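Dear colleague,

Please find below the structure that I am handing over to you. My account of what was found in it follows directly after.

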Protein chains: 2
Amino acid sequence: MLDCFQAVQRSFRTDDLIYDFSSKESNAVGIIERGEASVIRIDKDGVSTVLEELSVGGVFGRTLAYAGSVRDSMEVVCRTPCDVLFIDYPHIFKRCEKACTHHSLLVQNMLRLMADKAQALSLRVDVLSRRSIREKLLCYFRQLSEQEGKQTFTLPFSLSTLADYIATDRSAMMRELKRLKEEGVIRSDGRKITLC
Amino acid sequence: MLDCFQAVQRSFRTDDLIYDFSSKESNAVGIIERGEASVIRIDKDGVSTVLEELSVGGVFGRTLAYAGSVRDSMEVVCRTPCDVLFIDYPHIFKRCEKACTHHSLLVQNMLRLMADKAQALSLRVDVLSRRSIREKLLCYFRQLSEQEGKQTFTLPFSLSTLADYIATDRSAMMRELKRLKEEGVIRSDGRKITLC
DNA sequence: CCCTTTCTGTTGCATATATCACAAGTAATC
DNA sequence: GATTACTTGTGATATATGCAACAGAAAGGG
């Protein structure tokens, strides 16, 4: 079946570059089968922003995302060791010549993955559309808290990266975190945070 | 076929409320068949933000989007007269008892719609993740310009709403717009804007 | 193990952005 | 045609956020 879609599986180590959106060659999309990765944009001034957090089932690819301004680079980088399945995206929509019985199954699976992606992006928009650092933090913390089903959770990345994730300055974010702690809204120890 | 999915079509007028994310009753998703609508969030302080712009083919629904903080309300509102098709979302993933031949076609169509949605949301994230009002504006303008294939384009909504769309204060945005004009980066007349 | 690098935490200061307020222009309603 | 509501445009001022810089803590590499 995987042959039918020109699928290729590859493994990566932490910090490896999985994908570069600027390379116009392939129409491949990647699906994370193991591990976690980040979609990162670095603009012309060198400011880097975490656009998406991908975990198992995460999908990415030039054809199904950002138009991508020429000015800035965009790439997918491993946060942990990853296995990634690459498949030819347009192929999914083509009628399978061999009347491949698995075809419709793949389409159904892809639908599920794309629905999950849309949901993840919606959460992302929810955070980024908040007006202040404080609200962005609280919005994101609530999301993590809900995901875990607990008041206490652990950030998936460093505080520095968190700043890139909510698209603000790190020191300003630290200041706001301190305030939140002082006011008793949250408790925190390193990357472990509790909503009060 | 539409019977098979408990589909219901309804028409709406401008400013009509199409959907309220807080109503936990239905698992329906809506698909815009005609017209344009906006997904709007109004937070506890009354600040409203345009989360998504939906046009023909746009999909929305509680089950496939935001976890939705209890604090703020979220709804879909018509920007123009709309026809909307509602279908039962979980139904799509169920095996069709009647071995409905159209089922796999619907899944394939939904995949296309969800892929489009993911792409639209990615563009949204691209804009919102910019650090300054200026960059948000320019990023959004470039998107519109690319969509139109021209340097000149017309904003889909009022300048006030544009501020809600890029999640900033209106007067601050107006000031930045003025600066962009003065510096000759853009030209503008009402909602018609040209990138220079 | 030491050395290097990244991460955390914090400050003073510059600047961007939000708030509030007002007035003219435009569109919509009756 | 008058009234209302909304939009655009602009300013003075307060505040939040960004920037640059530093030092200790922690983590990673040879």
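**The surface near the DNA**

In this predicted model, 16 residues lie around DNA strand D, and those that come nearest are A:S132, A:T168, A:D169, A:A172 and B:L159. Both protein chains contribute elements to this surface: α3 (133-148) and α5 (170-182) of chain A, and α4 (159-165) and α5 (170-182) of chain B, each supply at least two residues. By residue type, the surface near DNA strand D consists of 6 charged, 6 polar and 4 nonpolar residues.

**How the two chains are related**

A turn of 180° with a shift of 0.0 Å along the axis lays chain A on chain B, with an RMSD of 0.0 Å. This is therefore the relation of a two-fold axis. The same surface serves both copies, since 100% of the contact residues of chain A recur in chain B.

**The contact between the chains**

Chain A gives 32 residues to the contact, and chain B gives 32 residues. On the side of chain A that touches chain B, the elements with two or more residues are β5 (48-54), α2 (103-128) and α3 of chain A. Of these, α2(A) provides the largest share, with 17 residues. The residues on this side of chain A divide into 18 nonpolar, 8 polar and 6 charged.

**A sheet in chain B**

Four strands of chain B form an open, antiparallel sheet, and their order is β2-β7-β4-β5. At its edges are β2 (17-20) and β5 (48-54) of chain B, each of which pairs on one side only. From one strand to the next, the twist averages 25°.

The pairing of β2(B) with β7 (residues 73-78) of chain B may serve as an example: the two strands run antiparallel and are joined by 3 bridges. Within this pairing, B:Y19 has B:V76 of β7(B) as its bridge partner.

**Chain A as a whole**

Chain A contains 5 helices and 11 strands. Its C-alpha atoms fill a box of roughly 65 × 40 × 30 Å, taken along the principal axes. Chain A has 196 residues, of which 35% are buried. Among the contacts in chain A with a separation of 6 or more, 71% are between residues 24 or more positions apart.

When you look at the model, I suggest starting with the surface near DNA strand D, to which α5 of chain A and α5 of chain B each supply at least two residues.

Yours sincerely,
A colleague

Terms used
Residues are numbered from 1 along each chain as its sequence is written. Chains are lettered from A and ligands numbered from 1 in the order in which they are written. This is a predicted model: local features need pLDDT of at least 70, side-chain atom pairs count only at pLDDT 80 or more; totals for chains, interfaces and linings use all residues. A residue is near a molecule or strand if its C-beta atom, placed from the backbone, lies within 6 Å of it. Ala, Val, Leu, Ile, Met, Phe, Trp, Tyr, Cys and Pro count as nonpolar, Asp, Glu, Lys and Arg as charged, and the others, Gly among them, as polar. Two strands pair if DSSP finds at least two bridges between them. Axes are lines fitted to C-alpha atoms, for helices over the stretch in contact, and angles run from 0 to 180 degrees between N-to-C directions. Copies are superposed by least squares on the C-alpha atoms of residues with pLDDT of at least 70 in both. Two residues are in contact if their C-beta atoms, placed from the backbone, lie within 7 Å. A residue is buried if 20 or more other C-beta atoms lie within 10 Å of its own, exposed if 12 or fewer, and partly exposed in between; C-beta atoms are placed from the backbone.
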